[in-house]
Amino acid sequence: MSRSYWDTGQNFKQPDTASLQRNARQTVKKEKAKGKVLEPVVIRGRKIVTTWWGTAWCENLEKYVDYENRLERGKRYVRTGAVVDLKIQKGKVLARVQGRRKTPYKVQILISPLSEDRCQEAIQKCAHKIENLDRLLKGDFPEELKELFTGERGLFPRPQEISFQCSCPDWALLCKHVAAALYGIGNRFDENPGLFFELRGIDVGRFVDITMENRIKSMLENVDRPSRRIIASEDWAGLFGV
């Protein structure tokens, strides 16, 4: 049978789990011998994410991205331990993801800076809801505040605010290596929710401090205003039948 022009002779069959794990172990061993420290994504248990922060990140990702097949492959890769290194910095994520070849592919994910007005809007909405830093990082806050992070104008990045690239030969906009790194970010948020604020360029401590300052300022401004919930003394008798 004649060969097609489009037939490059390359076989892009998906590597099996054993091959991915073997290549990952060799990469870690090689980098360690060079004195380099990798930060692999380690999935413990069946779920990639378990906390509110990690789950919200992954759900936000799946809500916007219409690459079901790529996302499923990404889940397989991250569960296998193929994400041998993942570092979250202000506005970007650098990762190395193991694939068919022994040298891992380099993934870079860029997140656009958060606008000042969206950050200020978040602070105002949090003013009477967030009591302390610990509660914020645990995701233990009112249901309405969750929309603040995951809604259309929330703090989680929108599709147009995310760009990525991978050194693999896959021409797809979202390859499985990028997908694995994106899920790896969710796993990192499970371990340290503060990394979400690092990624978005927000000083979480300052965020909470300003929120509390605004809350106290608002309380002081209204200290001399009588509350509608205060019952006038002349109404007590009628209310209690005395």
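The chain exposes about 15100 Å² of accessible surface, and 51% of that belongs to carbon and sulfur atoms. Those areas come from the Shrake-Rupley method with a 1.4 Å probe, and for residues only the protein chains shown count as cover. Before going further, a word on the ground rules: this is a predicted model, where local features need pLDDT of at least 70 and side-chain atom pairs count only at pLDDT 80 or more, while totals for chains, interfaces and linings use all residues. Residues are numbered from 1 along each chain as its sequence is written, and side-chain values use heavy atoms, with hydrogens and water left out.

**Overall layout**

The chain's secondary structure adds up to 10 helices and 4 strands. Here helices (H or I, at least four residues) and strands (E, at least two) are DSSP runs, numbered from the N terminus. Read from that end, the elements go α-α-α-β-β-β-α-α-α-β-α-α-α-α. Of the 242 residues in the chain, 40% count as buried. Buried means under 20% relative accessible area, exposed means over 50%, and partly exposed is in between (1.4 Å probe, protein chains only). As for contacts (heavy atoms within 4.5 Å), take the ones between residues at least 6 apart in sequence: 74% of them join residues at least 24 apart.

**The core and helix α7**

The largest nonpolar core holds 56 residues, and W53, L86, F149, I185, F189 and F207 have the most contacts inside it. A core in this sense is a set of buried Ala, Val, Leu, Ile, Met, Phe, Trp, Tyr and Cys residues joined through side-chain atoms within 4.5 Å. Which helix gives this core its largest share? That would be α7, with 8 residues.

Helix α7 covers residues 176-191, and with 15 of its 16 residues buried, α7 is largely enclosed by the rest of the structure. Its geometry checks out too: at 1.5 Å a residue the helix should span 22 Å, and its end C-alpha atoms are 23 Å apart, which agrees. The expected span is 1.5 Å times one less than the number of residues. I185 is in contact with W57, L86, I88, V93 and I109, leaving aside its neighbours within four places in sequence.

Helix α6 has its own buried set, namely L145, L148, F149 and T150. The cover over these residues includes α2, α4 (116-126), α5 (133-138) and α8 (194-199).

**Two spots to click on**

A95 sits in strand β2 (residues 92-97) and is buried, at 4% relative accessibility. Not counting residues up to four places away in sequence, A95 touches D85, L86, Y105, K106, V107 and A181. The C-alpha atoms of A95 and V107 are 5.0 Å apart, although 12 residues separate the two along the chain.

P159 belongs to the loop between α6 (143-150) and β4 (162-166). P159 is partly exposed, with a relative accessible area of 37%. The C-alpha atoms of P159 and K63 are separated by 9.8 Å, with the two residues 96 apart along the chain.

**Salt bridges**

How many salt bridges does the structure hold? There are 9, each being a side-chain nitrogen of Lys or Arg within 4 Å of a carboxyl oxygen of Asp or Glu. Three of them are listed here.

| Pair | Closest N to O distance |
|---|---|
| K34 and E31 | 3.8 Å |
| K75 and E62 | 3.6 Å |
| K75 and E72 | 3.3 Å |

The K75 and E62 pair links distant parts of the chain: K75 is in helix α3 (residues 68-80), E62 is in helix α2 (residues 52-64), and the two are 13 residues apart. K75 counts as buried at 18% relative accessibility, whereas E62 is partly exposed at 35%.

K75 and E72, on the other hand, both lie in helix α3, 3 residues apart, about one turn of the helix. An α-helix has 3.6 residues a turn, so residues three or four places apart point the same way. E72 is partly exposed, with a relative accessible area of 43%.

The K34 and E31 pair mixes environments: K34 is exposed at 53% relative accessible area, while E31 is buried at 5%. E31 and K34 also belong to a network of salt bridges that links them with K36 and R96.
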